[in-house]
Amino acid sequence: MGAPARVVEQRTEKREAGRREEGQVKSTGGRVDLRADKSRTAIEADGPIRLNKFLALIGVASRRTADELISSGRLSVNGETVRDLGTKVNAGRDRVALDGRLLSNEREKRTYVLLNKPKDTITTSSDEKGRKTVLDLVPSGERLYPVGRLDRHTTGLLLLTNDGDLAHRLMHPSFGVEKTYLVTTKTPVSKLDLDKLTRGIELDDGMTAPATVALVAGARSTSVEITIHEGRHHQVRRMFEALGHDVEKLDRIVYAGLTLSGVRRSEYRSLTRDEVVALRRRVKLDR
Ligand code: URA
């Protein structure tokens, strides 16, 4: 058995990463250009590793998909087609090709950013009307994609990453990722409303799943914390509107166990390694 593979960061990248200490909060007063970080990470292993693991490490496919690619004869190692799922490769030496195209023993560095989205920003990669987007607030050196959407006037926790597998799974309803919102309504929310929100609300696209709901202490009963596991369009606003409450403010305060702690509005931070591992485990991605 070979020693476990590891991802080795290049030196220049390490220095840059040092500047961006894990968890360090960045002001977004100006657009930060991290092009110097755009190095790639080389996969190094002390010995042979399973071909499916190699493919997963360089970001070509999950291990399960890699097994399917191998079984269907689409992989070759040093020019020889392989179909044996037990095939091992030496990451630094063997030439691995998919459909005849040589794969690089590198993958683009993965970046994970937690943004505290302000009002009046659009969750999209580009806006044809030239309005401010969430990408204007985070490092521009990597191509990042928002994980799901927050409405233009919703504030709070939004993840951005170039880890497509993770983003896809976090957004997929089958993983039921939990999101908590702090909702401020214009009119007081009654005990009956809370019960209805808890059980589920009939919307035009069907009944919502049960939610966890709590009134936030205060005289006016216009502040509610609600945790849902779905991600339908305008879901929280529609749930409250169905009960006759206009939403004045909507702030996402928790996403998949991550909170806004220490990150002020319009600021962002990189996720720590432990947070990334926990997120990937949460959606059953090996790491
Ligand atoms: N629900 C909404 O209505 N809006 C959001 O931005 C997020 C959840």
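A polar contact is a pair of N or O atoms within 3.5 Å; within protein, one atom must be able to donate a hydrogen and the other to accept it, and residues adjacent in sequence count only if both atoms are side-chain atoms. The views below show a predicted model, in which local features need pLDDT of at least 70, side-chain atom pairs count only at pLDDT 80 or more, and totals for chains, interfaces and linings use all residues. Residues are numbered from 1 along each chain as its sequence is written, and side-chain values use heavy atoms, with hydrogens and water left out.

**View 1. Polar contacts of the ligand.** An oxygen atom of the ligand lies 2.8 Å from a side-chain N or O atom of T154. The side chain of D151 places an N or O atom 2.7 Å from a ligand nitrogen, and a nitrogen atom of the ligand is 3.1 Å from a backbone N or O atom of V236. Of the 240 Å² of accessible area that the ligand has on its own, the protein covers 95% (Shrake-Rupley method, 1.4 Å probe).

**View 2. The shell around the ligand.** L150, D151, T154, Y181, H234, Q235, V236, R237 and L250 surround the ligand (a heavy atom within 4 Å). Helix α6, residues 235-242, gives the most to this shell, with three residues (helices are DSSP runs of H or I, at least four residues; strands are runs of E, at least two; both are numbered from the N terminus). The shell comprises four nonpolar, three polar and two charged residues (nonpolar: Ala, Val, Leu, Ile, Met, Phe, Trp, Tyr, Cys and Pro; charged: Asp, Glu, Lys and Arg; polar: the others, Gly among them).

**View 3. The pocket that holds the ligand.** The ligand takes up space in the second largest pocket (more than half of its atoms lie within 2 Å of the grid points). On a 1 Å grid over the protein atoms alone, a pocket is an open set of points with protein on both sides within 12 Å along at least five of seven lines, a cavity is a set where a 1.4 Å probe fits but cannot get out, and lining residues have an atom within 4 Å of a point. This pocket contains about 680 Å³ of space (points joined across faces, edges and corners; volume filled by probe spheres set on them). Among its 35 lining residues, R149, L150, G231, R232 and H233 are the closest to its centre.

**View 4. The second largest cavity.** This cavity has a volume of about 30 Å³. Strand β13 (155-161) gives the most to its lining, with three residues. The lining has nine nonpolar, one polar and no charged residues.
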